[in-house]
Amino acid sequence: MSNIVSPLEAHSQPATAALLEARGIGKSFLGIAALDGVDFTLQRGEIHALLGENGAGKSTLIKILTGVYSLERGTIRLDGVDVKPADVAAAQALGIGTVYQEVNLLENLTVAENLFLGRQPRRFGLIDKREMRKRSAALLSRYGLDIDVDALLSSYSVAIRQIVAIARAVDLSGKVLVLDEPTASLDAHEVEMLFTVLRRLRQDGLGIIIITHFLNQVYDIADRVTVLRNGRLVGSKPIADLPRLDLISMMLGRELQHITGDRQVSADSVASDAQPPIRFAGYGKRGSVAPFDLDIRPGEVVGIAGLLGSGRSETAFLLFGIDRADSGTASVDNKTIALTSPETAIANGFGFCPEERKTDGIIGDFSVADNIALALQARQGWAKPISSRERQALAESFIKSLDIRPADANRPIKLLSGGNQQKAILARWLATEPRLLILDEPTRGIDIGAHAEILKMIERLCADGMSLVVISSELEELTAIAHRVIVLSDRRHIAELAGDQVTADNIMQAIAAPARTEAA
Amino acid sequence: MIHTRNLPFITTLGIFVIAYGLCILQFPNMLSTRVIGNLLTDNAFLGIAAVGMTFVILSGGIDLSIGSVIAFTSVFVAVLVGSLGVHPLVAFAAVLVISTIFGSLMGAMIRYLGIPPFVVTLAGMFLARGAAYLISTQSVPISHEMIDAIQGFYFRFPGGGRLTALAILMLVVFAVASVIAGRTKFGANVYAIGGNLQSAELLGVPVGSTTIGIYALSGFLSGLAGIAYTLYTSSGYSLATVGVELDAIAAVVIGGTLLTGGVGLVAGTFVGVLIQGLIQTYIVFDGTLSSWWTKIVIGVLLFVFIVLQRGIIWYSNRRLAENRLKEV
């Protein structure tokens, strides 16, 4: 922008100066360093993946670049000019736009209102709605979207909302686009749609920073990778020079014991002639999941695979009594049981870790100890309270055995990272010593380190004789831990794979197999 | 096609039209400009206050101080004009400044101290009511030639009805407020904050100034409602208008505004006020019913509307889920 460049600067900067250069960025919270002297460089026309475990400092760095947090230490140069965005609006004005994972736009407003919030075209001092509609339609058509811009945003799928958010951010800022886990809730088709948009923006010379947990996607779209760990820079490399194993070890900072994807289990480890103690026969609910048969033996991990919306979570809801089945029977030890509510499921020794950890799992303001004691308390009944000393002892034993960090039983659970929250929820159910534990996406939104620990924990639990049902959209995860995998499609159980059949290829083929047609 | 987000408003309008039709069937005299004129005049102060409440609720907040601010305003104006001989215009200006500042302070506390609106405005409610008692515990009569002139001013409808100055004031407030809500940046920001505060902030909405603006507007309109009330009753009384904030909330909710914020129309509140007025008029015409029936009917209507809103949310969520299923 500025023509006044000091001779020194002009000398030290090559003709192709970076679009964004952050140097020595540091930030502390309550005296604990979240970021320590991190450098980050983004070129024009580059998709740059920012990776690291939870707590690595990715979010903090992004928030400093986009003006959510103030810059404490270090410098940010945009187009060779020092900048210090005071807030989100200032960062936008400078050219840095952000699209967040969950909270990005406003569902109660129309698409057009979302696109032009805060910069509405005006006529005679009032908002010109016609002009706003026209410009919105024109803007979205450049992204290949032909939708009714007057409809509420909430009437569109997450993928379309993401593209609307990107369109807004790019239109508003136009230099740097930051995407914080944009693909977390998209299916494969939607991800491809999003990536097509990103590739086009890259051609237009935009600098794009993307945070994601999906390594496949990193290799799919990124040009360069920067890895952070514990608030420090580990390294920054072109993706072409970075084999997957090297990337993972950069992120973990240690050699992997085993990479998920290795088959660790065999069907033989479960005594197949043992009487199945937990049996569902013809179990189903109209409009939710078609009737299915499912036997779960002690010490067995049953994986459930399928696309989003295939009935995975619905199956879990039925097994745990959240939804009531309208056909079939459930039995434990050959005794028929009625699963009418989660309470009855808990009484029968079932446990369930839901997918939506933040909304359905934790009680954010409660301490770790309170959260852990919750299910045990529910099982004992409210008439027999668990004393605070028992609760403390319980929490501390699990904090130790599951390595929950920070090891403070009295800290509100919302202050923990996603992986540690998940461990605390696992601890909640383990405290009830369940015979069947249902895990819905146990590793979603969790960094690789915690991921491996949770998988290891699952293996340990089934070695102790506990039965597990694990729902996951990551096939490698299922093939690594499950003895059997049930494949769902269109809300019915379409295949069951066991033993050596359990491979990612087989699961995908089962999903892709033509769906059986059903009359009415 | 009717937008689902306008469905509550259309329902309210339908209920009003049907209810008015039923009233006319029973009492044909209710179809007169006289009744309509009185309906507007009698509910002017409530309507003006309810406009402020609409903005507050649209932003996801609540303002419990409205009734107390109206009482304070009326006593303040009555004492200034009636006892101290201050010119009414000066008194009006002074009281509007005070109520606006009062509202902005509450907004600032909500925003910058992070205290829930319920708590802040509850404190404001006690404070304003206490201040009103402090000025006078008596009913203070007020008489000034200018006030008499305002009270005597009206347009005559064909049929003998009167469109009084108070009714005009309320209609103007509704008209201006509709434009502010629908066609200004401030209005868009109010909806944005009510939809999701965090998202609005990340999208660059000036949450602080907007929040202060919302409560300042509510304070200003409470003050204006207090002036209207003073003109309506020709007096100021610190015990008056207890619970008017709840009537205002009822009008807003019956008018189709979502209590959780983000969805609603100023015009809906207008119909909500009219429905409350209609019930009272019906009771007057009937002559045998206790006026408490107003509260019972309002109570029932509130239940109906809250259930309706839940139903709409449930329906649109289900439709979205079905669409997604189709896409898959």
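In this predicted model, strands 14, 13, 16 and 17 of chain A form an open sheet in the order 14-13-16-17, with antiparallel pairing. The edges are strand 14 (289-296) and strand 17 (335-337) of chain A, each of which pairs on one side only. Direction ignored, neighbouring strands of this sheet are turned by 25 degrees against each other on average.

At one end of that order, strand 16 (residues 327-332) of chain A pairs with strand 17 of chain A in the antiparallel sense over 3 bridges. Val332(A) has Lys335(A) of strand 17 as its bridge partner. The loop between strand 16 and strand 17 of chain A holds Asp333(A). The phi of Asp333(A) is positive, near 50 degrees, in a residue other than glycine. Asp333(A) has 12 other C-beta atoms within 10 Å and is therefore exposed, since a residue counts as exposed at 12 or fewer.

Another part of chain A centres on strand 21 (residues 484-489). Here 6 of the 6 residues are buried, so strand 21 of chain A is largely enclosed by the rest of the structure. Arg484(A), Ile486(A) and Leu488(A) point one way from the strand, while Val485(A), Val487(A) and Ser489(A) point the other way. Strand 21 of chain A has the following pairings.

| Partner of strand 21 of chain A | Sense | Bridges |
|---|---|---|
| Strand 15 (residues 301-305) of chain A | parallel | 4 bridges |
| Strand 22 (residues 492-498) of chain A | antiparallel | 6 bridges |

In the pairing with strand 15, Val302(A) stands opposite Arg484(A) of strand 21. In the pairing with strand 22, Ile486(A) stands opposite Glu496(A). Strands 21 and 22 of chain A also form a hairpin with 2 residues between them. Asp490(A), in the turn of this hairpin, has a positive phi of about 50 degrees.

Turning to chain B, an unreviewed UniProt entry lists residues 6-27, 39-58, 64-82, 89-112, 118-136, 163-181, 212-232 and 292-315 under "transmembrane region". In the model, residues 39-58 of chain B are 95% helix and 0% strand, and the end C-alpha atoms of this span lie 26 Å apart. Residues 64-82 of chain B are 89% helix and 0% strand, with the end C-alpha atoms 28 Å apart.

Helix 3 (residues 44-58) of chain B meets helix 13 (residues 266-286) of chain B, where the two axes come within 10 Å and cross at roughly 145 degrees. The crossing is right-handed. Helix 3 of chain B contributes Leu46(B), Gly47(B), Ala50(B), Val51(B) and Thr54(B) to the contact, and helix 13 of chain B contributes Val266(B), Thr269(B), Phe270(B), Gly272(B) and Val273(B). By class, this contact has 6 nonpolar, 4 polar and no charged residues.

Thr241(B) lies in the loop between strand 4 (235-236) and helix 12 (244-254) of chain B. The phi of Thr241(B) is also positive and near 50 degrees, in a residue other than glycine. Thr241(B) has 28 C-beta neighbours inside 10 Å and so counts as buried, the cut-off being 20 or more.

Between the two chains, 25 residues of chain B are in contact with 23 residues of chain A. On the side of chain B that touches chain A, the elements giving two or more residues are helix 8 (165-183), helix 9 (185-195), helix 10 (197-202) and helix 14 (293-327). By class, this side of chain B has 12 nonpolar, 8 polar and 5 charged residues.

Technical notes
Residues are numbered from 1 along each chain as its sequence is written. Chains are lettered from A and ligands numbered from 1 in the order in which they are written. This is a predicted model: local features need pLDDT of at least 70, side-chain atom pairs count only at pLDDT 80 or more; totals for chains, interfaces and linings use all residues. UniProt positions are given in the numbering used here, feature names are shortened, and annotations may be inferred rather than shown by experiment. Axes are lines fitted to C-alpha atoms, for helices over the stretch in contact, and angles run from 0 to 180 degrees between N-to-C directions. A crossing is left-handed if the near helix is turned anticlockwise from the far one by less than a right angle, and right-handed if clockwise. Two residues are in contact if their C-beta atoms, placed from the backbone, lie within 7 Å. Ala, Val, Leu, Ile, Met, Phe, Trp, Tyr, Cys and Pro count as nonpolar, Asp, Glu, Lys and Arg as charged, and the others, Gly among them, as polar. Two strands pair if DSSP finds at least two bridges between them.
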